[in-house]
Every structure is written in structure tokens, then in C-alpha cells.
Amino acid sequence: MPRLLQIGHDHISPAGAVADRFAARGYDIDERVVVPAERFHDPGVDFAFPDPTGYDAVLVMGAPWSTYADEVAGWVVPEVQFLRAADRNAVPVLGICFGGQLLATAHGGAVHRSPFPEIGWRPVQSADPSLAGPWFQWHYDRWVTPPGAIELARNDSAPQAFTLRRNLALQFHPEIDSTALKGWLAFGGDREVLAAGLDPDVLLAQTEAAEADATVRARRLVDTFLDRVAVTERGASR
């Protein structure tokens, strides 16, 4: 049975339909959480990332912090080193939002504050139907695509997907469902939604209405990662 390492950065960001699809494809999932619940408001923890060569793929989830924030530098720096080690050893990595930004950082790109932050269901343009939106967004930063990477999707706010060797970075959240969104809103996200001029109840209703279709598209996206990106020849880009 192939093994998937799922790296969560906090206790309120389940992998939802994305993890379910890995499981349906036969993967045994080893889930690790970097910041435990009791340290959510003080995330400067120590964390030992495992050897990526012990896994057949890696899933790196989102987080409520910026990749360049001083408060998380103590574990972001070794996580970037972990992602570089995975790449050197041809271990496929799927990075979601914060995870995608870490992939950009690890491979020569950059992450900075976006002039157009995104919260909610937003369009995403891509020639690849498995990446075209709408997708759920919640980010204040955006990446500069690394040298040699191929941008696969974008919108007016930010680049939304790139591939580099066996790495696929996503800015959006294919895993989101109403249960996860309720958790985000309960841990301060409701204030962020209101500050963005949105209504949390409306956002939740939109997510509930989109959930069935989004689940199908999340499954398709994982299939794209496994069937096209994870099998890319070492040293090549799609």
C-alpha cells in the first residue's frame, strides 16, 4: 500500500475530500499536525519533519499564518528544507495554499503580501479543466512562481497553480467543505470575513450549496496530481 504523508499546520484545517480521494486511490495516510490546538495562538513550536523518502507522496495543507511570519519561522525553515529534500528524491508533493506558497519559497520563488486578498468562492482561469474554477480562497499573500516552473492557473488576484517536476502548488482550497469552514469561522475567521465586507452566514451558505460539486472536482484534481504530476520524469516540467 502506498504511503501519503499529510502535513497539517493547525488543528482546524482537515484535508476533506482531498484526503478521501488519496484513501480511495489506495494510500495509507500518515497525518502530522505541526501546531497543536493548545498552541494555536502561540504557534512558535518545535517540530521534527520526517524523512520524505519514507513516503510515496506528500500533501502539505494550508495555515492561518504567513509563510514569512517571524512567529512560525522556527518550523517553516525546516519545512522548506524538507520540501527540497522531497524534490531531490523525486517524492511527489501537493501543496495547498500555505503549502503551495512553501513550495514556491522552497524552489526559488517568493511569497509576499497580495494587494488583492481573496476570501470566498472566486473564479480561476486555466486551460486544464481540472484546475479551472470557481474554487474557495482564503489568503492574504501570493507567490512569485519559481524559475523553471509552469504556471497552470491564475486569476486577477494571484497565480493559482504551478507545477515543477513532481510538485503541484495550489493557491486555492479544493478540500474545503462546510464543516471545515465552520471551524475557520469559529477561530477568528468570522472577523476576517466581516473585515473583508462579506457576511459569514452567506459565505457558509454558498459553501454548503457548492459542496457536492466541489467534492467531485477535488477528486478530479487529486487524480490529476497522481496520474500526471506524480509520474513526471525527474528533472522535467510539464
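Which strands does helix α5 (residues 200-229) lie across? To find out, begin with the whole chain, bearing in mind that this is a predicted model, in which local features need pLDDT of at least 70, side-chain atom pairs count only at pLDDT 80 or more, and totals for chains, interfaces and linings use all residues. Residues are numbered from 1 along each chain as its sequence is written, and side-chain values use heavy atoms, with hydrogens and water left out.

With everything shown, the chain has five helices and nine strands, where helices (H or I, at least four residues) and strands (E, at least two) are DSSP runs numbered from the N terminus. Buried residues, meaning those under 20% relative accessible area with a 1.4 Å probe and protein chains only, make up 54% of the 238 residues.

Next, select the strands of the open sheet, seven in number, which follow the order β2-β1-β3-β4-β9-β8-β7 with mixed pairing; two strands pair if DSSP finds at least two bridges between them. At the edges are β2 (28-33) and β7 (150-154), each of which pairs on one side only.

Then select residues 57-60 and 93-96, the strands β3 and β4, which run parallel and are joined by three bridges. Here V58 stands opposite V93 in β4.

Finally, add residues 200-229, for helix α5 lies across β3, β4, β8 (159-164) and β9 (167-170), with contact meaning heavy atoms within 4.5 Å. Helix α5 runs at about 155° to β9, an angle that is taken on a scale from 0 to 180 degrees between N-to-C directions, with axes fitted to C-alpha atoms and, for helices, over the stretch in contact.

Definitions and conventions
Buried < 20%, exposed > 50% of the residue type's maximum accessible area, 1.4 Å probe, protein only.
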